[in-house]
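Trainee: Please take me through this model one question at a time, with the reasoning laid out before each answer.

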Amino acid sequence: MNEEINKIRELLDKIEKKNDVSEDSLHGTFDYFELPQIIASVIDFLQPLLSPYESVIYWFLFRHSIIETADRYIRVSNSQIAQGIGSKFKSGDKVKVASDKAISDNLRCLMEKKVIVIVGDTNRDGTLYKINLPEEIELCIERMKKSRVENTCHVEQKKDLDYYNIAENRLLIFERDGYVCYKCRKQLTRFSATLDHIQPVSQGGDNSYSNLITCCLHCNSSRGAKPIMEQFTSDSKVF
Ligand SMILES: [Zn+2]
């Protein structure tokens, strides 16, 4: 009987491990050089939407997932979070940490804002969360779009700049387009988004702000060297 239960446990562990590695896991594709930009966009676009308590929890999860393992998935328990967020303080002889209720209330708020998502069952090591980046969080995308509109005039003057090869300039294009593929309208992230030339380089197109557009890898590789406008019928609303 015990042996059978152990077998079932083993099988469940296997299934769980499989589910842990979702298709958009960052394993192998995360580039540490992007970390400063990610941190900047969290501070600019996400943090203003969070309460101080939620912020502290988000940064704790960020530190132990994206920074520590280059992966956005983290299994953690409420008590680990309570221990980790540094809210220990001495009251009389006892050291108090954040209450379990405070942690779970704030985790719930983060989930309601779609900042973190539960992706696996809870076991004795905690709950498996996926930590979203600003470009995947609807509330942040709105803020990014607003800031993009405010900055557009400023950016368009820099026509001579290369928006294709310089990483931080590429992000400006992705932000301008809301991280959405112009062709299939798929929501992308900085890790899955690519840039496409509106007028192909082979036909005199350059790497300027106005000649580049956000595209998913699939649409990008299936397009060939046709100018973008030729692919659409006259009633398509692309721009
Ligand atoms: Zn696409």
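**Reading the predicted model**

Trainee: Just after α7, which residue takes a positive phi of about 65 degrees?
Mentor: This is a predicted model, in which local features need pLDDT of at least 70 and side-chain atom pairs count only at pLDDT 80 or more, whereas totals for chains, interfaces and linings use all residues. Residues are numbered from 1 along each chain as its sequence is written, and side-chain values use heavy atoms, with hydrogens and water left out. Helix α7 covers residues 167–176, and the residue just after α7 with that positive phi is G178.

Trainee: How many helices and strands does the chain have?
Mentor: Both are DSSP runs numbered from the N terminus, a helix being H or I over at least four residues and a strand being E over at least two. Counted in this way, the chain has eight helices and seven strands.

Trainee: What share of the 239 residues counts as buried?
Mentor: A residue is buried under 20% relative accessible area, exposed over 50% and partly exposed in between, with a 1.4 Å probe and protein chains only. By that scale, the buried share of the chain is 40%.

Trainee: Of the contacts between residues at least 6 apart in sequence, what percentage joins residues at least 24 apart?
Mentor: A contact here means heavy atoms within 4.5 Å. Among contacts in the chain between residues at least 6 apart in sequence, the share joining residues at least 24 apart is 62%.

Trainee: Which protein residues are the donors of the zinc ion?
Mentor: Donors are N, O and S atoms within 2.8 Å of the metal (3.2 Å for Na, K and Ca), and because water is not among the atoms, sites may look incomplete. The protein donors of the zinc ion are SG atoms lying 2.3 to 2.4 Å from it, and their residues follow the spacing C-x2-C-x31-C-x2-C in sequence. They are C181, C184, C216 and C219.

Trainee: What geometry does the site of the zinc ion have?
Mentor: Four donors count as tetrahedral if all angles lie between 85 and 135 degrees. The angles among the four donor atoms of the zinc ion are 99 to 117 degrees, and the site is therefore tetrahedral.

Trainee: Are C216 and C219 buried or exposed?
Mentor: These two cysteines are among the protein donors of the zinc ion. Both C216 and C219 are buried.

Trainee: How are α3 and α5 oriented to each other, roughly parallel or roughly perpendicular?
Mentor: Axes are lines fitted to C-alpha atoms, for helices over the stretch in contact, and angles run from 0 to 180 degrees between N-to-C directions. Helix α3 (residues 52–69) and helix α5 (residues 100–112) pack at an angle of about 85 degrees, with their axes 9 Å apart. Because angles of 65 to 115 degrees fall in that class, α3 and α5 are roughly perpendicular.

Trainee: Which residues in α5 are met by Y53, E54, I57 and Y58 in α3?
Mentor: An α-helix has 3.6 residues a turn, so residues three or four places apart point the same way. The residues in α5 that meet those of α3 are A102, I103, N106, L107, C109 and L110.

Trainee: Is M144 buried or exposed?
Mentor: M144 sits in helix α6, and its C-alpha atom is 6.4 Å from that of E175, although the two are 31 residues apart along the chain. Leaving aside neighbours within four places in sequence, M144 contacts S41, F45, P134, E135, E175 and Y179. Because its relative accessibility is 2%, M144 counts as buried.

Trainee: Which residues does T189 contact, leaving aside neighbours within four places in sequence?
Mentor: T189 is placed in the loop between α7 and β6 (193–197), and at 13% relative accessibility it counts as buried. With those neighbours set aside, T189 is in contact with E135, E136 and Y179.

Trainee: What is the relative accessible area of R185?
Mentor: R185 lies in the loop between α7 and β6, and it has a positive phi of about 65 degrees although it is not a glycine. R185 is exposed, and its relative accessible area is 55%.

Trainee: Where is K114 placed?
Mentor: K114 has a phi near 60 degrees, a positive value in a residue other than glycine. It is exposed, with a relative accessible area of 54%, and its place is in the loop between α5 and β4.

Methods
Four donors count as tetrahedral if all angles lie between 85 and 135 degrees; four count as square planar and six as octahedral if opposite donors are over 155 degrees apart and all others between 65 and 115; anything else is irregular. Angles under 35 degrees count as roughly parallel, over 145 as roughly antiparallel, 65 to 115 as roughly perpendicular and the rest as oblique.
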